[in-house]
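Me: I am new to this and would like to learn how to read a protein model. Could you take me through it step by step?

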Amino acid sequence: MSARNRELLNLGFVALVASAAFASVSIVGTGLVTTRWLGYIGVILGLYLVAHLVARFTVPYADPTLLPLVALLTALGLTVIYRLNPEDARRQAVWVALGIGVLAATLFWLRFDYRVLERYKYIFGISAVVLLLLPSIPGLGHRVNGVKLWIKVGSMQFQPGELAKIFMIIFLAGYLRDKREALAQGRLKDLGPLLLIWGASMLVLVQTSDLGSALLNFGIFLAMVYAATGRFLYVGAGLGLFLAGSAMLYNSLGRVQQRVTVWLHPWTDERVYCSISGELDFRQNCDSYQLVKSLYSIANGGYGGTGLGKGTFTTVDGTQLIPYLNTDFIYSAIAQEVGLVGSAAVLLLVMVFVARGMRIALIAQDGFSKLLATGLTFGLALQTFIIVGGVLRVVPLTGITLPFVSYGGSSILSNFVMLALLLLVSNRAAATAVTR
């Protein structure tokens, strides 16, 4: 069976799982067995069928598991978002449609040779810094929940850091391919342009208080340098700088102190106790409100969960218990309704995606392709760890999204660009192996 036929078969399995999940939520929500959800599911599956046809034409040898895995993750995300807020789910479905359009456009544009991107590595590096600077421009940047991540033009807002992350990975892949031997030999002068562009991006991220993205980009940087040179010395030096920088930021930024305190002592604040007993407006007066309620939500799910559509996320008067539930804390909603078993299955899907992405990096024939696949895959893995680890109180909480699952247009579009690049690398590697 060809790769694309296996992909189509996997998409059929995804269709069955997604239909069952959405039907369950619809029946619980309305109390009726209707066919209204069929149209909703039909549109989403139709979009992925279009993506499959585009992949069949542009990347016939690409890995057949990546697209079905993404389809299952987005279908799960849409189901949970619909259960929380149907209007948000409709908007998210539009973003998924646009994401598939971006996927198709990227595949058509770069189907002959995506390695042309390497020629413009410095342009990508500088563009990444410019994109990160945009939210700092007065009148253009828009602050949400204390962080300047967004640019707003009219009624539209976009998070440029999501695209900047991909641009930075392309720059690092191109530059490290050229300088990998010199860096492996310890010629530190070749780190100059690399550190200049990376350092500028870090300063911008700290200035905008986007500490989650700063941690993500720093991790990608270290992983790609290690993949290119094989020298753990660079990783050790980077971790040392990270610890020193973290201590400096902790002493100088109240926001960092707040996040660390909430992480270490979420239940020791008296305002938490008062809010739980109903004596305070918890959302306005307590920094650890979201995390505490999130942990209660996860605990309520137990092993098997309450069932899709049966979780408790609002008070009797309709007030949402966990703010930003469909973005930063969507994993809490998943854990309550499908329990430890279901939430672990979601992480397993991500792990399979990461394993396939790293396999693509291993079988790629040239240095740029290897580093590009490594950076994209590690970025998704680290982003998942940061957000899920924050929700589970393994690491301090940062405001980033769960890839392909959380509500948000910027994240969806950038993730589909990442998927397209991985498919292109996979297709070239497999096609080369077939022709040999």
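Reply: Gladly! Let us begin with what counts as a helix: helices are DSSP runs of H or I with at least four residues, numbered from the N terminus. Please keep in mind that this is a predicted model. By that count, the protein has 16 helices and three strands.

Me: Let us take one of them. What is the span of helix 8 from its first C-alpha to its last?

Reply: Helix 8 covers residues 211–229, 19 in number, and reaches 27 Å, close to the 27 Å expected at 1.5 Å a residue. Right after helix 8 comes Gly230, with a positive phi of about 70°.

Me: Is helix 8 largely enclosed or open to the outside?

Reply: A residue is called buried when its relative accessible area is under 20%. In helix 8, 15 of the 19 residues are buried, so the rest of the structure largely encloses this helix. For the protein overall, buried residues make up 52% of the 436.

Me: You mentioned a positive phi. Which residues other than glycine have one?

Reply: The general idea is that most residues other than glycine have a negative phi. Here, Arg393 is one with a positive value, near 65°, and Phe404 is another, at about 70°. Arg393 sits in the loop between helix 15 (367–391) and helix 16 (409–435), and Phe404 has its place in the loop between helix 15 and helix 16 too.

Me: Are Arg393 and Phe404 buried or exposed?

Reply: Arg393 is partly exposed, with a relative accessible area of 29%. Phe404 counts as buried because its relative accessibility is 2%.

Me: Now for empty space. How much of it lies in the second largest pocket?

Reply: Rolling a probe the size of a water molecule over the atoms shows where empty space is left. The second largest pocket holds about 290 Å³. Helix 1 (3–30), helix 3 (66–84) and helix 14 (330–363) are the elements that each give two or more residues to its lining. Helix 14 gives the most, with six residues.

Me: Which residues lie nearest the centre of that pocket?

Reply: They are Val17, Ala21, Leu72, Leu76 and Val338, out of 14 lining residues. The lining divides into 13 nonpolar residues, one polar and no charged.

Me: And what can be said of the outer surface?

Reply: The accessible surface of the protein comes to about 19,600 Å², and carbon and sulfur atoms account for 65% of that.

Key:
Residues numbered from 1 in each chain as written. Predicted model: local features only at pLDDT ≥ 70, side-chain atom pairs only at ≥ 80, totals over all residues. Heavy atoms only, no water. 1 Å grid on protein atoms, 1.4 Å probe; cavity = no way out; pocket = protein on both sides within 12 Å on 5 of 7 lines; lining within 4 Å. Points joined across faces, edges and corners; volume = space filled by probe spheres on them. Nonpolar A, V, L, I, M, F, W, Y, C, P; charged D, E, K, R; others polar. Buried < 20%, exposed > 50% of the residue type's maximum accessible area, 1.4 Å probe, protein only. Areas by Shrake-Rupley, 256 points an atom, 1.4 Å probe, with all protein chains shown as cover. Expected span 1.5 Å × (residues − 1).
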